Amino acid sequence: MKRLIRMLSAMAVLTLLPCMASAYEVPKDLVIKRPEKTPQQSTWVGPVKFPHGFHAVYNPCKACHHEESDRSLGQFLPCTQCHIKSGLDEPTGFFRAFHNSSPTSCLGCHKQKRLTKQAMPPISCTRGCHKKQ
Ligand code: HEC
Ligand code: HEC
Ligand code: HEC
């Protein structure tokens with residue numbers, strides 16, 4: 001009996017999986033732009049091309065969309081909805097969301113992956129993300 005239940009629940013999960021995967025839209029390529037109200041930190045920093053789909057394959061959504069909870073699941077609010085403050089040290093600042101040392105941020109995760117030799121993501125400002133146009 002136990003085996004049958006286990007088999008049935010495994011089957012239920014397998015049939016549900018495709019629905020779960022298509023429940024949310026996962027943008028393929030994104031361009032991250034500075035919010036208009038947030039002052040520019042340096043003149044050479046332009047919009048950053050972000051291969052979003054590529055990242056979403058290897059990481060759980062929550063690795064970056066850290067405010068997603070069971071309550072808000074499926075909203076995937078843009079980071080800039082909250083991270084709009086100016087200044088380099090503000091936790092809800094625009095800069096810190098992407099350059100903090102935690103793996104939630106671009107630079108934090110890239111550095112950690114290199115340190116643990118899991119992968120070699122870019123960490124150079126101008127060659128990795130802020131490519132000169
Ligand atoms: C490596 C980090 C990362 C992962 C993993 C990730 N995302 Fe994102 N996602 C972002 C960033 C950064 C943005 C751009 C936000 C912005 O422009 O402020 C974004 C934007 C989005 C947007 C568009 C939001 C909008 O309204 O502009 C959706 C929808 C989204 N992600 C869904 C997902 C889903 C679903 C997954 C998991 C399958 C996922 N993301 C995994 C970082 C990530
Ligand atoms: C609904 C609002 C909200 C959204 C959306 C949001 N954040 Fe945050 N985030 C916060 C708040 C508030 C904090 C500071 C408190 C905390 O650590 O939870 C924070 C903290 C952080 C930190 C740590 C900063 C530090 O220096 O301590 C990082 C990194 C970060 N967010 C990245 C992101 C990224 C990347 C996205 C988009 C994929 C995102 N956040 C979306 C509200 C948000
Ligand atoms: C949770 C970890 C994680 C986060 C967060 C993350 N990345 Fe990555 N990123 C990776 C890994 C892993 C690779 C792949 C490295 C490899 O295999 O060569 C990568 C690769 C890249 C590449 C190179 C893609 C290519 O085609 O070679 C770019 C550009 C990039 N990331 C930009 C970003 C930006 C911008 C953000 C933040 C909005 C971000 N990443 C957030 C882990 C992360």
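Modeller: In this predicted model, Lys-117 is found in the loop between α4 (residues 106–115) and α5 (125–129). The phi angle of Lys-117 is positive, at about 55 degrees, although this residue is not a glycine.

Biologist: Why is Lys-117 called exposed?

Modeller: The relative accessible area of Lys-117 is 75%. Exposed requires a value over 50%, and Lys-117 is therefore classed as exposed.

Biologist: Which other residue has a positive phi although it is not a glycine?

Modeller: Phe-76 has a phi of about 45 degrees and is placed in the loop between α2 and α3.

Biologist: Turning to the metal sites, how do you know that His-52 and His-65 coordinate the iron atom of ligand 1?

Modeller: The NE2 atoms of both His-52 and His-65 lie at 2.0 Å from that iron atom. A donor must be an N, O or S atom within 2.8 Å of the metal, so both nitrogen atoms qualify. His-52 belongs to helix α2 (residues 52–58) and His-65 to the loop between α2 and α3 (94–99), so the pair ties together parts that are 13 residues apart in sequence.

Biologist: What makes the arrangement around the iron atom of ligand 1 octahedral?

Modeller: The 6 donor atoms subtend angles of 88 to 179 degrees. Six donors count as octahedral if opposite donors are over 155 degrees apart and all others between 65 and 115, so the arrangement receives that name. The ideal angles for six octahedral donors are 90 or 180 degrees.

Biologist: Which residues coordinate the iron atom of ligand 3?

Modeller: His-55 and His-110 do so through their NE2 atoms, at 1.9 to 2.0 Å. His-55 lies in helix α2 and His-110 in helix α4, so this pair ties together parts that are 55 residues apart in sequence. The site is octahedral, with angles of 87 to 180 degrees among its 6 donor atoms.

Biologist: Why is His-110 counted as buried, and why is His-55 called partly exposed?

Modeller: Buried means under 20%; His-110 has 12% relative accessibility and therefore counts as buried. His-55, at 23%, falls between the limits of 20% and 50%, so it is partly exposed. His-52 also has a relative accessible area of 12% and is buried.

Biologist: What makes the pair formed by Arg-96 and ligand 2 a polar contact?

Modeller: A polar side-chain atom of Arg-96 is 2.3 Å from an oxygen atom of ligand 2, and the cut-off is 3.5 Å. Arg-96 is among the nearest of the 17 residues around ligand 2, as are His-66, Cys-79, Cys-82 and His-83. His-83 has a side-chain N or O atom 2.7 Å from a nitrogen atom of ligand 2.

Conventions. Residues numbered from 1 in each chain as written. Chains lettered and ligands numbered in written order. Predicted model: local features only at pLDDT ≥ 70, side-chain atom pairs only at ≥ 80, totals over all residues. Heavy atoms only, no water. Donors = N, O, S within 2.8 Å, 3.2 Å for Na, K, Ca; no water. Tetrahedral: all angles 85-135°; square planar, octahedral: opposite > 155°, others 65-115°. Helix = DSSP H or I, 4+ residues; strand = E, 2+ residues; numbered from the N terminus. Buried < 20%, exposed > 50% of the residue type's maximum accessible area, 1.4 Å probe, protein only. Near = heavy atom within 4 Å. Polar contact = N/O pair within 3.5 Å; in protein donor to acceptor, adjacent residues only side chain to side chain.
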